[in-house]
Amino acid sequence: MAGLTGRHAARAVGFKRTGRDADTPTVTFERCPYDATLISAEAFSGGSLMLTCERCGAAWEAHNSLIRRVIEPAWDEVQAAQAELRDHAGALAETPKH
Ligand SMILES: [Zn+2]
């Protein structure tokens with residue numbers, strides 16, 4: 001019983017890793033360039049993807065290797081997010097503030 005479970009687990013991992021990566025281009029654009037929030041991608045017919053950032057509301061349309069921004073981000077939100085990121089990075093690196 002225990003061996004079976006282990007084999008199942010290994011197979012699940014293998015499936016996940018190799019699943020459809022031949023015809024599915026790896027989405028390198030997975031974080032918002034403005035606030036580094038994980039963005040969600042929605043597939044459209046014709047191979048297009050609609051990428052949206054829930055943080056700042058920006059949206060991009062991706063087709064093949066072309067990415068076009070269709071909705072401008074809320075810059076207030078972007079600034080707030082960037083300030084948070086800076087604080088976070090500073091805390092991690094433990095560098096004194098200038
Ligand atoms: Zn964003």
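Leu49 of S2 has Ala62 as its bridge partner in S3. That pairing belongs to a set of 5 bridges that join S2 to S3, and the two strands run antiparallel. The model is predicted. Its protein chain has 2 helices and 4 strands. The elements run α-β-β-β-β-α from the N terminus on.

**The sheet**

- The 4 strands form an open sheet, in the order S1-S2-S3-S4, with antiparallel pairing.
- Strand S1 (40-43) and strand S4 (66-71) stand at the edges. Each has a single partner strand, so one side of each is left without a neighbour in the sheet.
- Neighbouring strands are turned by 25° against each other on average, direction ignored.
- In a regular strand, side chains alternate between the two faces of the sheet.

**Strand pairs, one by one**

- S1 and strand S2 (residues 48-52) run antiparallel and are joined by 4 bridges. Ala41 has Leu51 as its bridge partner in S2.
- S2 and S3 are joined by 5 bridges. Besides the Leu49 pairing, Leu51 has Trp60 as its bridge partner in S3.
- Strand S3 (residues 59-63) and S4 are joined by 5 bridges and run antiparallel. Ala59 stands opposite Ile71 in S4. Trp60 stands opposite Arg69 in S4.
- Leu51 thus appears in two pairings: with Ala41 and with Trp60.

**Hairpins and turns**

- S1 and S2 form a hairpin with 4 residues between them. Gly46 in that turn has a positive phi of about 90°.
- S2 and S3 form a hairpin with 6 residues between them. Gly57 in this turn has a positive phi of about 80°.
- S3 and S4 form a hairpin with 2 residues between the strands. Here Asn64 takes a positive phi near 55°.

**Positive phi outside glycine**

- Most residues other than glycine have a negative phi.
- Which residue has a positive phi of about 65° although it is not a glycine? That residue is Ala36.
- Ala36 lies in the loop between helix H1 (2-18) and S1. Ala36 counts as partly exposed because it has 15 C-beta neighbours inside 10 Å.
- Asn64 is another residue other than glycine with a positive phi, near 55°. Its place is in the loop between S3 and S4.
- Is Asn64 buried or exposed? Asn64 counts as exposed, because it has 9 C-beta neighbours inside 10 Å.

**Nonpolar core**

- The largest nonpolar core has 9 residues. They are Cys32, Ile39, Leu51, Cys53, Cys56, Ala58, Trp60, Val78 and Ala81.
- Leu51 and Trp60 are core members, and they are also bridge partners across S2 and S3.
- Of the 98 residues of the protein chain, 10% count as buried.

**Cys32 and its surroundings**

- Cys32 lies in the loop between H1 and S1.
- Why does Cys32 count as buried? It has 22 C-beta neighbours inside 10 Å, and the cut-off for buried is 20 or more.
- Leaving aside neighbours within four places in sequence, Cys32 is in contact with Thr37, Ile39, Cys53, Arg55, Cys56 and Ala58.
- Among these contacts of Cys32, Ile39, Cys53, Cys56 and Ala58 belong to the core.
- Cys32 and Gly57 are 25 residues apart in sequence. Their C-alpha atoms are 9.9 Å apart in space.

**Val78**

- Val78 is one of the core residues.
- Not counting residues up to four places away in sequence, Val78 touches Tyr34, Asp35, Cys56 and Pro73.
- Cys56 is thus in contact with Cys32 and with Val78.

**Contacts across the chain**

- Take the contacts in the protein chain between residues at least 6 apart in sequence. Of these, 18% join residues at least 24 apart.

**Confidence**

- The protein chain averages a pLDDT of 76, and 65% of the residues score at least 70.
- Over residues 6-22 the pLDDT is below 50. Beyond near neighbours in sequence, this stretch has 0 contacts in the model.

How values were computed:
Residues are numbered from 1 along each chain as its sequence is written. Two strands pair if DSSP finds at least two bridges between them. Axes are lines fitted to C-alpha atoms, for helices over the stretch in contact, and angles run from 0 to 180 degrees between N-to-C directions. A residue is buried if 20 or more other C-beta atoms lie within 10 Å of its own, exposed if 12 or fewer, and partly exposed in between; C-beta atoms are placed from the backbone. A nonpolar core is a set of buried Ala, Val, Leu, Ile, Met, Phe, Trp, Tyr and Cys residues joined through C-beta atoms within 7 Å. Two residues are in contact if their C-beta atoms, placed from the backbone, lie within 7 Å. pLDDT is the predictor's confidence in each residue, from 0 to 100.
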